[in-house]
Amino acid sequence: MNIISVKDYKEMSQTAAGIIINKVKSDPSITLGLATGGTPKGLYEALIQDHQTNGTSYEQVHTFNLDEYVGLSADNPNSYRYYMVDTLLGHLDVALNQTFIPNGTAEDAEAECERYEALIEQLGGIDLQILGIGRNGHIGFNEPGTPFSSKTHVVTLASSTRQANARYFSSIDEVPTHAITMGISSIMNSTEILLLASGEDKADAIYHLLEGTVTEEFPASILKNHQAVTIIADEKALSRTNL
(Lines give C-alpha, C1' and ligand atoms only; values in the text may rest on other atoms or scores of the structure.)
Protein backbone atom coordinates (compact mmCIF):
# COMPACT_ATOMS: atom_id res chain seq x y z
CA MET A 1 0.00 0.00 0.00
CA ASN A 2 1.10 3.52 -0.82
CA ILE A 3 -0.01 5.86 1.97
CA ILE A 4 -0.16 9.60 1.34
CA SER A 5 -0.54 11.62 4.54
CA VAL A 6 -2.17 15.03 4.11
CA LYS A 7 -3.14 17.79 6.50
CA ASP A 8 -6.88 17.98 6.06
CA TYR A 9 -9.93 17.23 3.93
CA LYS A 10 -9.15 19.95 1.40
CA GLU A 11 -5.64 18.65 0.79
CA MET A 12 -6.96 15.08 0.57
CA SER A 13 -9.47 16.15 -2.08
CA GLN A 14 -6.95 18.14 -4.10
CA THR A 15 -4.34 15.39 -3.96
CA ALA A 16 -6.85 12.79 -5.16
CA ALA A 17 -8.02 15.12 -7.93
CA GLY A 18 -4.44 15.59 -9.12
CA ILE A 19 -3.97 11.83 -9.41
CA ILE A 20 -7.19 11.35 -11.34
CA ILE A 21 -6.59 14.31 -13.66
CA ASN A 22 -3.16 12.96 -14.56
CA LYS A 23 -4.64 9.52 -15.23
CA VAL A 24 -7.33 10.96 -17.50
CA LYS A 25 -4.80 13.04 -19.42
CA SER A 26 -2.49 10.05 -19.96
CA ASP A 27 -5.36 7.69 -20.84
CA PRO A 28 -8.37 9.66 -22.16
CA SER A 29 -10.49 6.50 -22.45
CA ILE A 30 -9.88 5.39 -18.86
CA THR A 31 -12.64 3.63 -16.95
CA LEU A 32 -13.19 5.12 -13.51
CA GLY A 33 -14.95 3.53 -10.55
CA LEU A 34 -16.78 6.19 -8.56
CA ALA A 35 -18.04 6.43 -4.99
CA THR A 36 -20.73 8.52 -3.30
CA GLY A 37 -21.24 10.00 0.15
CA GLY A 38 -19.55 12.92 1.84
CA THR A 39 -15.92 11.84 1.42
CA PRO A 40 -15.51 12.30 -2.37
CA LYS A 41 -17.48 15.56 -2.66
CA GLY A 42 -14.37 17.74 -2.38
CA LEU A 43 -12.62 15.57 -4.95
CA TYR A 44 -15.50 15.98 -7.38
CA GLU A 45 -15.57 19.75 -6.84
CA ALA A 46 -11.85 19.86 -7.67
CA LEU A 47 -12.37 17.82 -10.86
CA ILE A 48 -15.14 20.17 -11.98
CA GLN A 49 -12.99 23.22 -11.25
CA ASP A 50 -10.12 21.77 -13.27
CA HIS A 51 -12.44 20.86 -16.14
CA GLN A 52 -13.85 24.38 -16.27
CA THR A 53 -10.49 26.11 -15.84
CA ASN A 54 -8.07 23.85 -17.68
CA GLY A 55 -10.37 21.99 -20.03
CA THR A 56 -9.48 18.44 -19.01
CA SER A 57 -11.80 16.34 -21.15
CA TYR A 58 -13.87 13.33 -20.08
CA GLU A 59 -15.46 12.71 -23.47
CA GLN A 60 -13.97 9.23 -23.82
CA VAL A 61 -14.17 8.25 -20.15
CA HIS A 62 -16.52 5.56 -18.85
CA THR A 63 -17.57 5.39 -15.21
CA PHE A 64 -19.07 2.76 -12.94
CA ASN A 65 -20.50 3.50 -9.53
CA LEU A 66 -20.06 1.18 -6.60
CA ASP A 67 -23.68 0.97 -5.57
CA GLU A 68 -27.27 2.14 -5.61
CA TYR A 69 -30.17 1.89 -3.17
CA VAL A 70 -32.84 -0.68 -3.97
CA GLY A 71 -36.17 1.02 -4.53
CA LEU A 72 -34.96 4.51 -5.45
CA SER A 73 -35.41 5.73 -9.02
CA ALA A 74 -32.76 7.73 -10.84
CA ASP A 75 -34.73 10.98 -10.36
CA ASN A 76 -35.04 10.52 -6.60
CA PRO A 77 -32.80 13.15 -4.94
CA ASN A 78 -31.50 10.49 -2.54
CA SER A 79 -30.53 8.03 -5.27
CA TYR A 80 -26.89 7.71 -6.15
CA ARG A 81 -27.61 8.33 -9.83
CA TYR A 82 -29.08 11.70 -8.87
CA TYR A 83 -26.12 12.38 -6.56
CA MET A 84 -23.57 11.62 -9.28
CA VAL A 85 -25.23 13.78 -11.94
CA ASP A 86 -25.73 16.64 -9.50
CA THR A 87 -22.29 16.40 -7.86
CA LEU A 88 -20.03 15.52 -10.80
CA LEU A 89 -21.22 14.00 -14.03
CA GLY A 90 -23.60 16.78 -15.02
CA HIS A 91 -20.72 19.26 -14.88
CA LEU A 92 -18.28 17.37 -17.12
CA ASP A 93 -18.24 16.73 -20.88
CA VAL A 94 -18.95 13.02 -20.47
CA ALA A 95 -22.09 11.60 -22.08
CA LEU A 96 -24.35 10.15 -19.39
CA ASN A 97 -24.78 6.98 -21.46
CA GLN A 98 -21.08 6.31 -20.73
CA THR A 99 -21.74 6.44 -16.98
CA PHE A 100 -23.14 3.39 -15.27
CA ILE A 101 -24.91 2.92 -11.94
CA PRO A 102 -26.97 -0.10 -10.86
CA ASN A 103 -30.69 0.24 -11.52
CA GLY A 104 -32.29 0.43 -8.09
CA THR A 105 -35.79 -0.07 -9.49
CA ALA A 106 -35.05 -3.11 -11.66
CA GLU A 107 -37.87 -5.65 -11.45
CA ASP A 108 -35.34 -8.42 -10.86
CA ALA A 109 -32.55 -7.13 -8.62
CA GLU A 110 -30.52 -10.33 -8.90
CA ALA A 111 -30.62 -10.16 -12.70
CA GLU A 112 -29.57 -6.50 -12.48
CA CYS A 113 -26.53 -7.55 -10.45
CA GLU A 114 -25.53 -10.06 -13.11
CA ARG A 115 -26.08 -7.48 -15.88
CA TYR A 116 -23.96 -4.89 -14.11
CA GLU A 117 -21.11 -7.28 -13.42
CA ALA A 118 -21.13 -8.42 -17.04
CA LEU A 119 -21.11 -4.81 -18.26
CA ILE A 120 -17.98 -4.04 -16.24
CA GLU A 121 -16.27 -7.04 -17.81
CA GLN A 122 -17.46 -6.14 -21.33
CA LEU A 123 -15.83 -2.71 -21.06
CA GLY A 124 -12.55 -4.23 -19.95
CA GLY A 125 -12.81 -3.70 -16.20
CA ILE A 126 -12.17 -0.68 -14.01
CA ASP A 127 -8.81 1.05 -14.35
CA LEU A 128 -9.01 3.19 -11.21
CA GLN A 129 -11.54 2.64 -8.42
CA ILE A 130 -12.23 5.36 -5.85
CA LEU A 131 -13.23 4.11 -2.41
CA GLY A 132 -14.23 5.46 0.93
CA ILE A 133 -14.22 3.34 4.07
CA GLY A 134 -17.01 2.80 6.56
CA ARG A 135 -16.50 2.86 10.31
CA ASN A 136 -17.06 -0.90 10.36
CA GLY A 137 -14.66 -1.41 7.47
CA HIS A 138 -17.24 -1.67 4.73
CA ILE A 139 -16.23 -0.80 1.18
CA GLY A 140 -19.04 -0.13 -1.20
CA PHE A 141 -21.96 -1.56 0.74
CA ASN A 142 -20.06 -4.76 1.55
CA GLU A 143 -20.75 -5.13 5.26
CA PRO A 144 -18.68 -7.24 7.70
CA GLY A 145 -19.01 -10.93 6.87
CA THR A 146 -19.34 -10.40 3.11
CA PRO A 147 -17.33 -13.11 1.33
CA PHE A 148 -14.18 -11.83 -0.34
CA SER A 149 -15.28 -13.80 -3.42
CA SER A 150 -18.48 -11.79 -3.84
CA LYS A 151 -19.45 -10.22 -7.16
CA THR A 152 -22.10 -7.51 -7.62
CA HIS A 153 -24.96 -8.46 -5.29
CA VAL A 154 -27.94 -7.29 -3.23
CA VAL A 155 -27.12 -6.48 0.38
CA THR A 156 -29.10 -5.81 3.53
CA LEU A 157 -27.67 -2.63 4.98
CA ALA A 158 -26.36 -2.74 8.55
CA SER A 159 -28.15 -0.47 11.01
CA SER A 160 -24.90 1.48 11.53
CA THR A 161 -24.65 2.13 7.80
CA ARG A 162 -28.27 3.26 7.58
CA GLN A 163 -27.76 5.57 10.54
CA ALA A 164 -24.62 7.04 8.96
CA ASN A 165 -26.59 7.78 5.79
CA ALA A 166 -29.71 9.04 7.57
CA ARG A 167 -28.42 12.62 7.42
CA TYR A 168 -29.26 12.64 3.73
CA PHE A 169 -32.90 11.67 4.39
CA SER A 170 -35.78 13.24 6.34
CA SER A 171 -35.70 10.37 8.82
CA ILE A 172 -34.08 7.00 9.42
CA ASP A 173 -37.33 5.36 8.30
CA GLU A 174 -36.79 6.70 4.79
CA VAL A 175 -33.32 5.16 4.42
CA PRO A 176 -33.60 2.07 2.21
CA THR A 177 -32.87 -1.27 3.85
CA HIS A 178 -31.23 -2.84 0.79
CA ALA A 179 -28.78 -1.84 -1.92
CA ILE A 180 -27.04 -3.24 -4.97
CA THR A 181 -23.28 -3.07 -4.60
CA MET A 182 -20.19 -4.17 -6.45
CA GLY A 183 -18.80 -7.17 -4.61
CA ILE A 184 -15.42 -7.32 -2.97
CA SER A 185 -14.05 -9.45 -5.79
CA SER A 186 -15.42 -6.88 -8.28
CA ILE A 187 -13.58 -4.10 -6.47
CA MET A 188 -10.38 -6.12 -6.21
CA ASN A 189 -10.41 -6.70 -9.97
CA SER A 190 -9.75 -2.98 -10.50
CA THR A 191 -6.28 -2.25 -11.84
CA GLU A 192 -5.68 0.47 -9.25
CA ILE A 193 -7.56 1.55 -6.11
CA LEU A 194 -7.60 4.98 -4.49
CA LEU A 195 -9.01 5.03 -0.95
CA LEU A 196 -9.87 8.34 0.72
CA ALA A 197 -10.28 8.89 4.46
CA SER A 198 -10.77 12.09 6.41
CA GLY A 199 -11.68 12.95 9.98
CA GLU A 200 -11.54 11.45 13.46
CA ASP A 201 -14.54 9.21 12.81
CA LYS A 202 -12.43 7.25 10.31
CA ALA A 203 -9.41 6.88 12.62
CA ASP A 204 -10.43 3.49 14.01
CA ALA A 205 -11.17 2.13 10.54
CA ILE A 206 -7.82 3.29 9.15
CA TYR A 207 -6.02 1.87 12.18
CA HIS A 208 -7.65 -1.54 11.70
CA LEU A 209 -6.98 -1.43 7.97
CA LEU A 210 -3.28 -0.74 8.41
CA GLU A 211 -2.58 -2.68 11.60
CA GLY A 212 -5.13 -5.50 11.59
CA THR A 213 -5.27 -8.87 9.90
CA VAL A 214 -7.06 -9.73 6.66
CA THR A 215 -10.52 -10.92 7.64
CA GLU A 216 -14.00 -10.88 6.15
CA GLU A 217 -15.19 -9.31 9.41
CA PHE A 218 -13.39 -6.14 8.27
CA PRO A 219 -14.01 -6.05 4.50
CA ALA A 220 -11.48 -3.30 3.68
CA SER A 221 -8.68 -5.50 5.02
CA ILE A 222 -8.65 -7.38 1.71
CA LEU A 223 -7.08 -4.30 0.13
CA LYS A 224 -3.79 -5.44 1.66
CA ASN A 225 -3.77 -8.17 -0.97
CA HIS A 226 -4.19 -5.78 -3.92
CA GLN A 227 -1.13 -4.91 -5.99
CA ALA A 228 -1.83 -1.17 -6.41
CA VAL A 229 -3.66 0.59 -3.57
CA THR A 230 -3.06 4.22 -2.65
CA ILE A 231 -4.55 5.58 0.57
CA ILE A 232 -4.90 9.34 0.96
CA ALA A 233 -5.71 10.11 4.58
CA ASP A 234 -5.59 13.28 6.63
CA GLU A 235 -4.00 13.78 10.03
CA LYS A 236 -7.18 13.06 11.97
CA ALA A 237 -7.88 9.84 10.06
CA LEU A 238 -4.29 8.74 10.71
CA SER A 239 -4.29 9.82 14.37
CA ARG A 240 -4.29 6.27 15.76
CA THR A 241 -1.33 5.18 13.61
CA ASN A 242 2.34 6.07 13.78
CA LEU A 243 2.25 7.84 10.42
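# A viewer tour, starting where α2 meets α3

Start by selecting K41, Y44 and I48 in α2, then add Y83, M84 and T87 in α3: these two sets of residues meet each other. Sorted by class, the residues of this contact are four nonpolar, one polar and one charged. Keep in mind as you click around that this is a predicted model.

Now show the two helices as ribbons. Helix α3 covers residues 80–87, and its axis comes within 10 Å of the axis of α2. The two cross at roughly 40 degrees, which makes α2 oblique to α3.

**Next stop: α1 against α2**

Select residues 9–26 for helix α1 and residues 41–54 for helix α2. How far apart are the axes of α1 and α2, and at what angle do the helices pack? The axes are 8 Å apart, and the angle is about 50 degrees. So α1 and α2 are oblique to each other. Turn the view until you look through one helix at the other, and you'll find that α1 passes α2 in a right-handed crossing.

To see who touches whom, pick Y9, S13, A16, A17, I20 and I21 on the α1 side. Facing them in α2 are K41, G42, L43, A46, L47 and D50. This contact of α1 with α2 has eight nonpolar, two polar and two charged residues. You've already met K41, by the way: K41 is also one of the α2 residues that meet α3.

**Stay in α2: H51**

Click on H51, which sits in helix α2 as well. Is H51 buried or exposed? With a relative accessibility of 16%, H51 counts as buried, because the cut-off for buried is under 20%. Show its surroundings and, leaving out residues up to four places away in sequence, you'll see H51 touching T56, Y58, H91, L92 and D93.

**Over to strand β1: I4**

Select residues 2–6 to light up strand β1, and look for I4 there. I4 comes out at 23% relative accessibility, so I4 counts as partly exposed. Now add T230 to the selection. I4 and T230 are 226 residues apart in sequence, yet their C-alpha atoms are 7.3 Å apart in space. Beyond its neighbours within four places in sequence, I4 is in contact with T15, I19, T230, I231, I232 and A233.

**Into a loop: T146**

Find β6 (128–131) and β7 (153–156), then follow the loop between them to T146. T146 is buried, with a relative accessible area of 10%. Draw a distance from the C-alpha of T146 to that of P219: you should get 7.0 Å for two residues 73 apart along the chain. Not counting residues up to four places away, T146 touches H153, I184 and E216.

**Last residue: H208**

Go to helix α7, residues 203–211, and select H208. At 39% relative accessibility, H208 counts as partly exposed. Which residues does H208 touch, if you skip those up to four places away in sequence? They are F218 and R240. For a long stretch across the model, draw a line from H208 to Y116: these two are 92 residues apart in sequence, and 31 Å apart from C-alpha to C-alpha.

**Zoom out**

Finally, colour residues 15–229. An unreviewed UniProt entry places the feature "domain: Glucosamine/galactosamine-6-phosphate isomerase" there. Over this range the chain is 32% helix and 15% strand, and the end C-alpha atoms are 15 Å apart.

Technical notes
Residues numbered from 1 in each chain as written. Predicted model: local features only at pLDDT ≥ 70, side-chain atom pairs only at ≥ 80, totals over all residues. Heavy atoms only, no water. UniProt positions renumbered as here; feature names shortened; annotations may be inferred. Helix = DSSP H or I, 4+ residues; strand = E, 2+ residues; numbered from the N terminus. Axes fitted to C-alpha atoms, helices over the stretch in contact; angles between N-to-C directions. Parallel < 35°, antiparallel > 145°, perpendicular 65-115°, else oblique. Left-handed = near helix turned anticlockwise from the far one by under 90°. Contact = heavy atoms within 4.5 Å. Nonpolar A, V, L, I, M, F, W, Y, C, P; charged D, E, K, R; others polar. Buried < 20%, exposed > 50% of the residue type's maximum accessible area, 1.4 Å probe, protein only.
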